[in-house]
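I pulled this one up to see how it is put together. Notes follow in the order I looked things up.

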Amino acid sequence: MAEAGSEGKRSSRAAAGSAPLLRLDRVGVVRDGRVILEDITLEIRPGEIVTIVGPNGAGKSTLVRVVVGAITPDRGRVWRRPGLVIGYVPQRLALDPSLPLTARRFVALVSEAGEEEIAAMLGRVGTPHVIDRQMAALSGGETQRVLLAAALLRGPDLLVLDEPAQGLDQPGEAAFYRLLENCRREAGFAILMVSHDLHVVMSTSDRVICLNRHVCCTGTPAAVEAAPEYRALFGTGTGGALALYRHSHDHAHDVDGGCLPATPAPAAKAEGPTDGEGTDAAG
Amino acid sequence: MPLADALHAAFAEPFMQRALLAALAVAATAGPMGSVVLWRRMAWFGDATAHAALLGVALAFLADLPAPLGILAAALLAALFLHVFSSRETGNDALLGVISHGGLGLGLLALMLSGGGRGRIEGFLFGDILAIGWDDAALAVGLAALVLATLAWRWRGLVLSSLSADLAVASGLKPRRENAILLMMLALVVAVAIKITGALLVSALIVIPAAAARPLARTPEAMASLAALIGMLAALFGLSGAWVFDAPAGPAIVTAALVLFLGTRFFGRRR
């Protein structure tokens with residue numbers, strides 16, 4: 001860990017922005033004897049957008065919780081750049097009804113930001129009207145935006161979002177991604193996001209990681225423009241905020257999600273994305 | 001002003017002043033603590049700790065030590081037990097049940113085997129706030145100040161980790177540590193509050209004012225402050241009532257809290 005730290009210092013002087021924010025090294029998580037995550041190696045650099053896709057039960061949320069520190073992995077190592085500030089947008093907020101909480105107070109608790117900053121940010125994310133409402137009374141979309149506002153006000157180096165667009169309709173999702181992209185362009189933070197859709201990701205993703213307990217494949221998303229059939233399916237209202245990710249697997253899965261020997265590659269493989277560096281598609 | 005006259009008459013006596021001082025101090029801390037306890041679904045903590053404290057009393061009899069020392073030790077032990085064994089599989093409520101009844105069983109056993117204290121146990125069960133000295137009252141005030149200061153210091157961490165442990169961790173906090181601090185403070189409050197209401201009713205001071213404050217509050221801080229205020233009102237009215245009707249003080253304070261609870265439910269619903 002000390003070695004990784006000094007390496008980070010050196011390269012930040014040489015090439016600012018290329019020192020990783022976070023590194024997972026062969027991380028594994030086991031619960032009740034069941035393997036949830038296996039051999040995950042992952043690096044996130046400043047300003048990068050990394051999207052995680054995968055089927056239900058693939059361990060996406062577990063991976064996110066490892067990244068934010070809520071789970072200590074059973075195997076492997078997690079390294080965070082010293083002083084790394086994480087903004088976390090959880091999948092949902094399970095509020096106990098006995099806890100009274102306005103949106104204003106929630107954002108203040110998470111971000112420790114001032115009154116004016118909070119009001120401005122809630123306006124920015126498009127929910128200025130909920131500031132004095134109870135968190136429990138907000139709709140799904142409003143809750144997501146308030147969670148985002150709180151995470152952004154922390155001034156994060158890394159924004160971690162777990163299925164932030166879940167429960168939003170297609171235009172709402174596109175608007176959410178555009179908002180995210182605009183904020184990122186200004187503040188320059190990196191994004192690690194779990195997408196609830198196996199095939200549709202933020203078009204500006206630098207890397208897409210397909211997870212199914214282990215890293216199945218990684219690559220860049222093909223632009224929506226290149227896939228007219230998907231444009232027809234999702235409409236043009238996304239304004240280019242969404243993109244299609246074509247999976248390129250060199251193996252198949254049995255019903256439990258375990259790996260089977262490689263199946264004959266489908267025709268799509270030839271035009272599939274290239275493997276991202278640093279992550280090996282274990283199989 | 002018959003009410004003012006009644007209050008004046010009630011608190012003219014030094015023993016009533018001591019009782020009021022101690023009750024106000026404990027209520028001021030029990031309210032905010034109770035709020036956090038409700039958010040974490042730990043409403044049975046007071047009962048569990050009080051039952052475990054019976055074991056402490058019995059052991060103190062056996063070892064010929066002062067009973068408050070045994071109570072404090074048992075309360076801290078119960079908190080430690082909860083902290084160590086709390087997990088996803090066994091929820092707080094189940095674990096508190098184990099501590100509560102385990103402590104009661106062991107405590108009764110130890111009490112019977114010690115063969116003594118049958119007369120002295122009454123004060124433990126029902127409280128003896130009217131019999132406390134200035135040193136006890138001063139102790140309650142000092143402890144209240146300590147606990148309130150700690151609460152203020154850890155407040156953001158306590159609320160955020162009650163809200164979502166993951167969010168707290170991601171914000172650089174340590175929910176396990178906040179939990180340990182909370183349990184320790186709760187053990188202290190319960191150990192002192194047993195003097196006032198007795199073991200049977202100690203939980204009431206923690207749970208009822210906080211539950212009464214909930215319908216009136218829109219933020220965590222408002223709920224905590226209102227719970228303190230309601231608890232202190234209950235202490236004032238309860239002690240006055242005990243004086244006027246020559247009733248036991250602990251049950252009178254709890255009854256006053258219950259009336260206030262019903263009142264805020266009524267107003268909370270009408271709003």
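**Notebook: helix α4(B), the core, the A–B contact**

I began with α4 of chain B, and I keep in mind that the model is predicted. I wanted to know what covers the buried residues of this helix, and the list includes α3 (45-63), α5 (92-114), α6 (121-126) and α9 (175-197) of chain B. The buried residues themselves are B:Ala67, B:Gly70, B:Ile71, B:Leu72, B:Ala74, B:Ala75, B:Leu76, B:Ala78, B:Ala79 and B:Leu82. I checked the span too: α4(B) runs over residues 67-85, 19 in number, and reaches 27 Å from first C-alpha to last, close to the expected 27 Å.

Next I looked up the largest nonpolar core. It holds 177 residues, and B:Ala23, B:Val26 and B:Ala75 have the most contacts inside it. Helix α2 of chain B (residues 14-39) gives the most to this core, with 16 residues. I then followed B:Ala23: beyond four places in sequence, its contacts are B:Ile129, B:Ile196, B:Ala235, B:Leu239 and B:Ile253.

Over to chain A. I find seven helices and 13 strands there. Of its 283 residues, 43% are buried. Among chain A contacts with a separation of 6 or more, 71% join residues 24 or more positions apart.

Last, where do the two chains touch? I get 18 residues of chain A in contact with 21 of chain B. On the chain A side, α2 (60-68), β5 (86-89) and α3 (103-111) each supply at least two residues, and α3(A) gives the most, with three. I noted the make-up of that side as 11 nonpolar, four polar and three charged residues.

Key
Residues are numbered from 1 along each chain as its sequence is written. Chains are lettered from A and ligands numbered from 1 in the order in which they are written. This is a predicted model: local features need pLDDT of at least 70, side-chain atom pairs count only at pLDDT 80 or more; totals for chains, interfaces and linings use all residues. Helices (H or I, at least four residues) and strands (E, at least two) are DSSP runs, numbered from the N terminus. A residue is buried if 20 or more other C-beta atoms lie within 10 Å of its own, exposed if 12 or fewer, and partly exposed in between; C-beta atoms are placed from the backbone. Two residues are in contact if their C-beta atoms, placed from the backbone, lie within 7 Å. The expected span of a helix is 1.5 Å times one less than its number of residues. A nonpolar core is a set of buried Ala, Val, Leu, Ile, Met, Phe, Trp, Tyr and Cys residues joined through C-beta atoms within 7 Å. Ala, Val, Leu, Ile, Met, Phe, Trp, Tyr, Cys and Pro count as nonpolar, Asp, Glu, Lys and Arg as charged, and the others, Gly among them, as polar.
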